[in-house]
Amino acid sequence: MSTSNSELESWVNDVARQTQADKIIWCNGSEEEYRELVQQMLADGTLIELNPETHPNCYLHRSSPTDVARVEHLTFICTENEADAGPNNHWMDPAAAHEKIDQLFDGCMKGRTMYVIPYCMGPLESPYSRCGVEITDSPYVVANMKIMTRMGDAALRRIEKDGSFVRGLHSIGELDPERRFIMHFPAELTIKSYGSGYGGNALLGKKCHALRIASYQGRSEGWLAEHMLIVGVENPEGETHYLACAFPSACGKTNLAMLIPPESLKGWKIWTLGDDIAWLQIDEDGRLRAINPEAGYFGVVPGTNEKTNRNAYEMIRHDTIYTNVGMTADNQPWWEGLKEGTPVLDWQGKTYDAEAGPAAHPNSRFTVSASQNASYSSLADAPEGVPISALVFGGRRREVAPLVYQAKDWAHGVLVGAGVASETTAAASGEVGVVRRDPMAMKPFCGYNFADYWAHWLSFEQRSDDLPQIFHVNWFRQNKDGDFLWPGFGENLRVLRWIIDRCEKRVDAITTPIGLLPAAADIDIEGLDIDPAVLEDLLRIDNAQWSTEMAALSEDLARYGDRLPAELSRQLQMVIEDLDKKDAA
Ligand code: GTP
Ligand code: SPV
Ligand code: MN
């Protein structure tokens with residue numbers, strides 16, 4: 001008997017019987033356990049030791065070449081009624097889904113060890129945290145879960161106290177894309193994932209639990225699970241505001257969460273609470289509070305260098321697992337945008353050939369403990385979380401969306417979130433660079449019908465008079481030559497400053513049909529080499545483009561039929577009418 005929770009005990013035994021695992025190991029979460037797993041993976045080639053002089057305790061893992069990103073077309077939400085999953089999800093009937101995936105699990109761990117990982121998403125003492133147990137046959141998953149979550153004995157004790165947990169069953173199977181499914185059974189608080197060892201497909205605490213299952217749970221319990229970073233911005237006077245920002249995958253969350261203030265902004269400090277997921281609750285005073293359910297970062301490697309993000313660059317020089325980067329002759333990790341060193345091997349371990357492709361996979365990742373970040377906020381461990389001043393949506397748009405604008409009020413802000421669209425990235429399999437609608441940056445992650453999700457968002461207005469202001473940003477506007485107009489990274493603090501000034505009512509804004517825009521003079525560009533005309537460009541909105549954009553949004557929202565909240569349609573109608581009026585004027 002390894003736990004006093006009989007439900008957990010019998011589920012583990014059932015799974016062991018079904019998968020015919022050779023051996024069961026209950027993970028305790030100790031450093032010793034992690035080190036032993038690493039030794040075992042070094043011995044069998046799952047991990048390669050990187051240069052211990054330059055990168056102590058850093059390891060490289062090479063995925064199967066057909067297993068390098070999330071697979072949205074193989075990800076299912078299995079609810080009794082198809083309409084509850086909504087047009088935003090792939091759906092399968094729960095009974096049919098269990099049958100399909102159970103066939104794959106039958107006997108799949110023969111000759112393998114089955115690891116039982118109790119984990120807690122969020123601080124162990126927080127009332128907002130929720131627990132889960134992942135069963136996996138991948139030691140790589142165990143090592144990543146050790147870094148990414150609070151896992152082991154302490155989590156198991158909390159599970160025994162709470163009496164409830166999310167069940168996640170995972171096997172790498174044969175790593176065959178033809179035998180791969182990521183299935184969610186929200187009503188059963190169950191996840192079954194087969195055939196992938198990669199990130200969001202396999203580390204079940206992350207996207208599967210903390211977003212898909214948690215969003216579903218949050219709806220019935222009155223809270224939100226969002227694809228948002230959480231960052232504290234401290235001004236020179238020592239006043240700190242917390243922002244939660246939702247950008248689609250590979251659109252800058254990790255970088256914004258650990259931004260380095262530019263030289264010319266003296267006295268400003270950044271505190272990182274989370275880089276990918278936020279759970280939001282309304283507290284007794286009506287304030288929206290956020291916790292980060294995770295304890296580590298599974299971040300995009302390419303583009304990281306001393307100049308773009310010194311904190312990230314330093315953070316991943318020790319005690320880091322790299323997945324799918326290239327390697328130099330002296331076993332240092334290498335990736336595009338590193339700006340130093342020369343790769344000799346690519347991410348597949350082949351001789352590097354610039355003609356044949358990049359050294360690092362565009363979706364190569366680092367796994368690192370959040371505590372290694374120089375800007376780590378100790379409040380990331382606070383059970384009560386932090387109060388949020390502003391919610392910020394964003395996307396990767398070479399045109400249309402201005403650098404920043406503010407929603408007129410909460411309900412309009414929900415429309416702004418629902419209207420997020422972004423160019424696709426390498427974080428999911430499929431074409432890269434095509435604009436797709438990605439409401440609230442949650443398109444791949446909402447565990448239920450978006451129409452019901454927007455209604456849930458809108459309902460917050462009835463519960464508080466003190467909700468955060470809502471904004472939209474776009475760091476990715478380009479000129480005709482394809483160069484970014486805005487320098488981004490650390491300089492994004494200049495935009496956060498305007499956002500905070502708006503929250504504090506310290507600055508005016510220009511009213512436009514799409515929302516409130518800054519006057520160019522209100523974005524501080526001191527010390528920044530940017531042509532004032534470029535800033536004007538970044539803040540310009542083109543009515544014709546926006547009318548097209550609203551038509552596309554309208555078409556997307558129409559997919560939700562009668563289930564779409566009337567208030568959302570009303571908000572959209574108001575923007576469209578304002579744009580028409582402006583056109584006529
Ligand atoms: P996920 O982990 O997939 O959810 O991604 P993320 O949203 O955390 O994105 P991340 O911060 O890892 O950035 C993704 C890519 O965008 C990296 O290659 C960055 O170098 C690049 N990037 C981030 N911020 C900026 C920015 O402000 N401007 C520009 N031009 N690129 C940026
Ligand atoms: C994302 O794709 O948004 C990620 C990486 O954060 S993964 O964990 O693979 O989902
Ligand atoms: Mn993400």
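**A walk through the predicted model, from Asn292 to the metal site**

Let me begin with a single residue: Asn292 sits in the loop that joins strand S17 (288-291) to strand S18 (296-300). Please keep in mind throughout that this is a predicted model, and that what I describe has been computed from it.

Is Asn292 buried or exposed? It is buried, because its relative accessible area is 5% and the cut-off for buried is under 20%. Its side chain makes two polar contacts that I would like you to find on the screen: one reaches the backbone oxygen of Leu273 at 3.0 Å, and in the other a polar atom of the side chain lies 2.8 Å from the backbone nitrogen of Glu294. If we leave aside the neighbours within four places in sequence, Asn292 is in contact with several residues, among them Gly122, Pro123, Arg150 and Ile230.

From there we can step back to the domains. The assignment for the protein chain gives domain 1 (6-46 + 71-221), domain 2 (226-295 + 379-584) and domain 3 (298-372). The C-alpha centres of domain 1 and domain 2 are 31 Å apart, and the contact between these two takes 37 residues from domain 1 and 35 residues from domain 2.

What lies inside? In soluble globular proteins, nonpolar side chains tend to be buried together. Here the largest nonpolar core has 124 residues, and those with the most contacts inside it are Leu391, Trp454, Trp457, Trp486 and Ile499. This core draws at least three residues from each of domain 1 and domain 2. A second, separate core of 30 residues includes Ala16, Met92, Leu104 and Met114. To return to one residue of the largest core, Trp457 touches, beyond its neighbours up to four places away, residues that include Leu224, Met228, Leu391, Phe393 and Trp410.

Now to the metal. Which residues coordinate the manganese ion (ligand 3)? They are Lys207 through NZ, His227 through NE2 and Asp276 through OD, at 2.1 to 2.5 Å. Along the chain these donors follow the spacing K-x19-H-x48-D. Lys207 lies in helix H8 (residues 205-221), whereas Asp276 lies in the loop between strand S15 (269-274) and strand S16 (278-282), so the pair ties together parts that are 69 residues apart in sequence. Both Lys207 and Asp276 are buried. The site of this manganese ion has six donor atoms with angles of 64 to 174° among them, and it is irregular.

His227 also gives us a reference point for Ser422, since the two are 195 residues apart in sequence and 14 Å apart in space, C-alpha to C-alpha. Ser422 lies in strand S27 (residues 421-423) and is buried, with a relative accessible area of 2%. A polar atom of its side chain lies 2.8 Å from the backbone nitrogen of Arg396, and Arg396 is also one of the residues in contact with Ser422, together with others including Pro248, Cys251 and Val434.

I will finish with two backbone details. Asn57, in the loop between strand S2 (48-49) and strand S3 (59-61), has a phi near 55°, a positive value in a residue other than glycine. Val400, in the loop between strand S25 (390-394) and strand S26 (404-406), also is not a glycine and has a positive phi, of about 70°. As for their surroundings, Asn57 counts as partly exposed at 41% relative accessibility, whereas Val400 counts as buried at 9%.

Notes:
Residues are numbered from 1 along each chain as its sequence is written. Chains are lettered from A and ligands numbered from 1 in the order in which they are written. This is a predicted model: local features need pLDDT of at least 70, side-chain atom pairs count only at pLDDT 80 or more; totals for chains, interfaces and linings use all residues. Side-chain values use heavy atoms; hydrogens and water are left out. Helices (H or I, at least four residues) and strands (E, at least two) are DSSP runs, numbered from the N terminus. Buried means under 20% relative accessible area, exposed over 50%, partly exposed in between (1.4 Å probe, protein chains only). Contact means heavy atoms within 4.5 Å. A polar contact is a pair of N or O atoms within 3.5 Å; within protein, one must be able to donate a hydrogen and the other to accept it, and residues adjacent in sequence count only if both atoms are side-chain atoms. A nonpolar core is a set of buried Ala, Val, Leu, Ile, Met, Phe, Trp, Tyr and Cys residues joined through side-chain atoms within 4.5 Å. Domain bounds come from an automatic or database domain assignment. Donors are N, O and S atoms within 2.8 Å of the metal (3.2 Å for Na, K and Ca); water is not among the atoms, so sites may look incomplete. Four donors count as tetrahedral if all angles lie between 85 and 135 degrees; four count as square planar and six as octahedral if opposite donors are over 155 degrees apart and all others between 65 and 115; anything else is irregular.
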